[in-house]
Amino acid sequence: MPQGPIAGAPPNSLASPQHLTHPLLTTSVPQVDPPLVVAKSYLIVGAGFFGAVCARELADAGHRVRVIEKRDHIGGNSFTRFHPEAGTHQHVYGAHIFHTNSTEVWRYVNRFAEFNHYVHRLHVAYRERMYSFPINLFTLHQLYGIRTPAEAEAKLAAVRVPIEHPANLEEWCLSQVGPELYETFIRGYTAKQWGRDPRDLPADIIKRLPIRLSFDDRYFSDRHQGIPIGGYTALFERLLQGIPIELGVDFLADRDTWIGKVDHVIYTGPIDAFFNYSEGVLAYRSLRFQDALLDVHDAQGMAVINYTEPSVPFTRILEHKHFDMNLQCPRTVVTTEYPQEWQRGMTEYYPVNTAENQETYRRYCARRDHLALPVTFGGRLGEYRYYDMHQVIGAALATVRRLLAG
Ligand code: FAD
Ligand code: UDP
């Protein structure tokens, strides 16, 4: 295995101490040596946000870092590629909108890319009609003709189903918005997306969506939002600058050899695959993406339209150029997203957060906690959590802080 170079030196570690004896200093200042970093070798498995942020931070702290990635590109599921005929960056693994309330995370990503001011809004198509979504005052106007927050509150109070302790996603929705809104927007989409009856899913999956009694129709409420100008891949190239990366390498094909050659492994693949599925197979949801290049400059007027009817086999159609906020090209690329059941060998896009899967995951956590090997698990698949990008970055920064603290 070739030994990677030291990929990043600690900032200012070689800084001259001359400033300590500057003639303008009136008193003498004792010279303090910078703390010595005992460089360790880290192998990072996976070049998505978790792996790439860990790689950057560990390299900048003076450690030897190398990254392996089984795909033929960096960026994980956030990967974008430029589509020359449509003149836009394509979100290859589904729409990726960056949003966060964390100033630390926002400042962090802005070190590696400039973001445009895209704010995500989408519409729902249901039985030949289009609706504002997530549920807001305009949605309620479209369905019920009401016009004010007070009327909206009264309407919801009238349609809500009284369920004191909602036990699942369906009951929670009925208790919040009643049967008609649930049927129009949630039931069909959720059943398609997760391949399960909403009564068999936890409400947490949907609690991330706001229900607003104002005309605010933004999909996310976060303070910071945008898309990296030039695409996510350019951001990753800067994030990983100077760090050796090997693409097309599957860690699990030679797991023990890799572990034996480095001081520490950060693994961002599926935790059940790491343990050879010995505690059972965790459920994932997979996706199929169907792209089309169309000879129109704007096909649907916004980046995402959700299709909530159960009889429509897909969940959403993306039109990528809206993310770049550049509609000039006479052609456009659109992607139709079909959820599908995951089987071994397919890409694991979503952890399926049922009680049964959480129980299986807990068994893997017990194995992880007693592992005699220097391995840290992280990211959406390593922690089996429905993380968004900003959460993954926050978790990676916290992980590195923990590792550096010893
Ligand atoms: P990943 O991005 O999955 O990266 C893990 C990497 O590890 C992969 O590249 C994988 O190939 C590699 N790997 C796995 N196993 C091995 C192995 N054995 N050997 C070598 N390499 C391996 N988040 C948002 O914030 N906003 C959004 O709008 C948004 N939209 C999304 C839409 C879709 C359809 C999906 C699926 C996700 C979306 N997300 C969104 C979530 C976002 O994709 C994740 O939060 C983020 O990509 C997780 O980063 P990660 O590093 O944990 O995992
Ligand atoms: N959802 C829905 N109807 C919609 C959009 C979302 O019922 O039109 C539900 C669905 O269960 C989905 C969840 O809300 O899985 C979270 O939606 P989000 O858009 O955050 O999903 P993601 O972008 O992660 O696929």
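A polar contact is a pair of N or O atoms within 3.5 Å. In this predicted model, an oxygen atom of ligand 1 and a polar backbone atom of Phe49 form such a pair, at 3.2 Å. That contact is one of several to be followed below, after a brief look at the chain as a whole.

The chain has 406 residues, of which 52% are buried. Its secondary structure consists of 13 helices and 16 strands. Measured out along the principal axes, the C-alpha trace covers about 75 × 55 × 45 Å.

Ligand 1 comes next. It is surrounded by 32 residues, and the closest of them are Glu69, Ala95, His96, Tyr387 and Met389. Sorted by class, this shell holds 15 nonpolar, 10 polar and seven charged residues. Three helices each supply at least two residues of the shell: α1 (49-60), α12 (379-382) and α13 (389-404). Besides the contact at Phe49, a backbone N or O atom of Arg380 lies 2.8 Å from an oxygen atom of ligand 1. A polar backbone atom of Tyr387 is likewise 2.8 Å from an oxygen atom of the ligand. Taken alone, ligand 1 exposes 1,000 Å², and 96% of that is buried by the protein.

Ligand 2 has a shell of 18 residues, with Thr190, Arg208, Tyr219, Tyr350 and Tyr386 as the closest. By class, the shell divides into 12 nonpolar, four polar and two charged residues. Which atoms of the protein make polar contacts with ligand 2? Among them is a backbone N or O atom of Phe185, which lies 2.9 Å from a nitrogen atom of the ligand. The side chain of Thr190 places a polar atom 2.8 Å from an oxygen atom of ligand 2. The side chain of Tyr219 has an N or O atom 2.5 Å from an oxygen atom of ligand 2. On its own, ligand 2 has 520 Å² of accessible area, and the protein covers 94% of it. The elements that give two or more residues to this shell are α5 and α6 (204-207). Helix α5 gives the most, with six residues.

Helix α5 also takes part in a cavity. Rolling a probe the size of a water molecule over the atoms shows where empty space is left. A search of the whole structure finds two cavities of 30 Å³ or more, and the largest has a volume of about 100 Å³. Which element gives the most to the lining of the largest cavity? It is helix α5 (residues 169-194), with five residues. The lining as a whole is made up of Phe133, Pro134, Ile135, Trp172, Cys173, Gln176, Val177, Ile186, Ile206, Leu209, Pro210 and Ile211. Of these residues, 11 are nonpolar, one is polar and none is charged.

Two of the lining residues, Phe133 and Pro134, are also joined by a cis peptide bond, with omega about 5 degrees. Pro134 sits in the loop between β7 (129-133) and α3 (137-144). As background, most peptide bonds are trans, and most residues other than glycine have a negative phi.

The second part of that background applies to two residues that follow one another in the loop between α9 (271-274) and β11 (284-294). Asn276 is placed in this loop and has a phi near 55 degrees, a positive value in a residue other than glycine. Tyr277 is in the loop between α9 and β11 too, and has a positive phi of about 60 degrees although it is not a glycine. Are these two residues buried or exposed? Asn276 counts as exposed because its relative accessibility is 59%, and the cut-off for exposed is over 50%. Tyr277 has a relative accessible area of 15% and is therefore buried, as the cut-off for buried is under 20%.

The last stop is Gly301, in the loop between β11 and β12 (304-307). Gly301 has a relative accessible area of 52%, so it is exposed. Gly301 and Leu327 are 26 residues apart in sequence, and their C-alpha atoms are 9.8 Å apart in space.

Definitions and conventions:
Residues are numbered from 1 along each chain as its sequence is written. Chains are lettered from A and ligands numbered from 1 in the order in which they are written. This is a predicted model: local features need pLDDT of at least 70, side-chain atom pairs count only at pLDDT 80 or more; totals for chains, interfaces and linings use all residues. Side-chain values use heavy atoms; hydrogens and water are left out. On a 1 Å grid over the protein atoms alone, a cavity is a set of points where a 1.4 Å probe fits but cannot get out, and a pocket is an open set with protein on both sides within 12 Å along at least five of seven lines; lining residues have an atom within 4 Å of a point. Grid points are joined across faces, edges and corners, and a volume is the space filled by probe spheres set on the points. Helices (H or I, at least four residues) and strands (E, at least two) are DSSP runs, numbered from the N terminus. Ala, Val, Leu, Ile, Met, Phe, Trp, Tyr, Cys and Pro count as nonpolar, Asp, Glu, Lys and Arg as charged, and the others, Gly among them, as polar. A residue is near a molecule or strand if one of its heavy atoms lies within 4 Å of it. A polar contact is a pair of N or O atoms within 3.5 Å; within protein, one must be able to donate a hydrogen and the other to accept it, and residues adjacent in sequence count only if both atoms are side-chain atoms. Accessible areas come from the Shrake-Rupley method with a 1.4 Å probe; for residues, only the protein chains shown count as cover. Buried means under 20% relative accessible area, exposed over 50%, partly exposed in between (1.4 Å probe, protein chains only).
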